[in-house]
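Please look at the model below with two topics in mind: how the protein chains meet, and how they meet the DNA.

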Protein chains: 2
Amino acid sequence: MSTAERLIESTQDLLWERGYVGTSPKAIQQRAGAGQGSMYHHFSGKPDLALAAIRRTAEQMRATAEACLSAPGTAYERVRGYLLRERDVLRGCPIGRLTMDPDVIADPVLRGPVEETLDWLRGRLAEVVAEGVERGEFDAGLAPERTAASVVAAVQGGYVLARAAGSPAPFDSAVQGLLDLLAARAPHRPAP
Amino acid sequence: MSTAERLIESTQDLLWERGYVGTSPKAIQQRAGAGQGSMYHHFSGKPDLALAAIRRTAEQMRATAEACLSAPGTAYERVRGYLLRERDVLRGCPIGRLTMDPDVIADPVLRGPVEETLDWLRGRLAEVVAEGVERGEFDAGLAPERTAASVVAAVQGGYVLARAAGSPAPFDSAVQGLLDLLAARAPHRPAP
DNA sequence: GTCTATACTGTGATAGAC
DNA sequence: GTCTATCACAGTATAGAC
């Protein structure tokens with residue numbers, strides 16, 4: 001793998017673990033096995049490298065979510081598939097995490113991919129819910145946009161609860177609680 | 001106000017804004033209008049001062065939540081009151097925020113108040129939901145613990161979405177989406 | 001109690017040799 | 001392209017004067 005690739009991947013890991021503020025160029029270089037000069041040859045500085053890493057992570061997250069949401073099954077089943085997909089819960093969300101980073105939120109360029117990714121996810125989930133309503137798989141009264149926001153928030157908030165508790169259990173509760181509520185709005189009442 | 005008090009309040013503000021990793025003793029001293037020696041006289045170092053600040057913030061958050069949850073009204077109304085209470089949404093949660101701080105999560109002493117506060121909140125909300133079920137204000141099938149976790153997650157996740165978007169709108173959607181789902185489980189169907 | 005001086009390490013970046 | 005040397009500055013803490 002090229003040095004630039006290794007630098008990007010190391011940055012992805014460190015941003016996930018420690019955030020932007022908590023990640024130093026030195027730490028990135030050490031993890032990538034690259035020298036200082038090498039890093040500053042490929043990237044103009046920390047923000048530039050972080051941007052490349054954030055974009056890469058955003059792409060990957062989008063692909064993972066799309067795989068769940070475009071799977072076969074009813075709308076409820078696809079939402080359930082997204083909510084119950086395997087996750088390393090205690091690591092949290094590599095994109096959502098960045099919203100707590102003051103330097104990321106303050107810089108429109110760095111915040112860009114974060115905003116786009118979470119917007120896309122809400123929009124995509126809203127499509128699935130709307131489809132479900134059209135097909136009669138969900139109650140007509142279910143509001144797609146709001147429901148989609150609740151689904152994404154359950155995941156993001158679940159990570160917060162799990163990390164506070166030092167255990168994935170509260171994440172599972174939060175997700176299952178929402179799934180219980182959604183199942184009650186799916187006319188055929190599938191098992192949650 | 002005493003110097004120690006000013007140091008604690010400055011630390012509360014900075015932890016909320018920039019997190020533990022992003023907050024330096026120097027920045028705290030400047031905001032508090034205190035010298036270095038003064039800070040190290042009252043506190044043994046950054047972790048000690050941060051602990052005092054986190055404990056203070058945790059107390060305050062608990063008091064605010066308890067005020068909503070012990071208000072008069074049905075269980076649904078009290079949960080709604082908690083969810084719709086005024087918030088500075090873009091600032092996020094001063095306690096939930098800390099779960100993304102690697103140095104806080106790694107230190108059991110600093111994580112302690114964070115864990116206790118969010119555990120207490122879930123437990124307290126579960127009591128309210130359980131009471132509602134007993135009184136017939138909620139469907140008997142509603143699981144108190146799971147529902148409580150979903151409520152807290154909606155708020156914490158709502159903050160993430162709002163900060164990503166640079167707007168409180170997605171927070172409101174997530175909260176309202178959950179409220180819609182909960183209203184459908186309250187036999188008298190109050191307006192959400 | 002509060003201040004200034006000091007020390008040491010880490011951060012983020014540049015310069016120039018190879 | 002990659003390396004090492006160097007830099008200015010911030011982070012964290014201690015020492016000792018007042």
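The report below treats the contact between the two protein chains and then the surface near one DNA strand.

This is a predicted model, in which local features need pLDDT of at least 70 and side-chain atom pairs count only at pLDDT 80 or more, while totals for chains, interfaces and linings use all residues. Residues are numbered from 1 along each chain as its sequence is written, chains are lettered from A and ligands numbered from 1 in the order in which they are written, and side-chain values use heavy atoms, with hydrogens and water left out.

**The two chains**

Chain B is superposed on chain A by a rotation of 180 degrees with 0.0 Å of shift along the axis, giving an RMSD of 0.0 Å, where the fit is by least squares on the C-alpha atoms of residues with pLDDT of at least 70 in both copies. That is the relation of a two-fold axis. In chain B, the residue that comes closest to this axis is Gly157(B), whose C-alpha lies at 1.9 Å.

Chain B and chain A each bring 44 residues to their contact, which means heavy atoms within 4.5 Å. The size of an interface is often given as the accessible area lost when the parts come together. Here about 3,800 Å² is buried between chain B and chain A, and carbon and sulfur atoms give 67% of that area; the area is found with a 1.4 Å probe and summed over both parts. Met100(B), Arg163(B) and Leu181(B) lose the most area on the side of chain B, together 19% of what that side buries.

Between chain B and chain A there are four salt bridges, each a side-chain nitrogen of Lys or Arg within 4 Å of a carboxyl oxygen of Asp or Glu. One of the salt bridges joins Asp180(B) to Arg146(A), at 2.8 Å from N to O.

**The surface near DNA strand D**

Around DNA strand D there are 16 residues, counted as near if one of their heavy atoms lies within 4 Å of the strand. Of the strand's atoms within 4 Å of the protein, 62% belong to sugar or phosphate and the rest to bases. Three short distances to the strand are listed here.

| Residue and its atom | Atom of DNA strand D | Distance |
|---|---|---|
| Gly35(A), backbone N or O | phosphate oxygen | 2.7 Å |
| His42(A), polar side-chain atom | phosphate oxygen | 2.5 Å |
| Gln36(B), side-chain N or O | base nitrogen | 2.4 Å |

With five residues, α3(A) gives the most to the surface near DNA strand D, helices being DSSP runs (H or I, at least four residues) numbered from the N terminus.

Note on methods:
Buried area is the accessible area (1.4 Å probe) that two parts lose on being put together, summed over both. A polar contact is a pair of N or O atoms within 3.5 Å; within protein, one must be able to donate a hydrogen and the other to accept it, and residues adjacent in sequence count only if both atoms are side-chain atoms. Helices (H or I, at least four residues) and strands (E, at least two) are DSSP runs, numbered from the N terminus.
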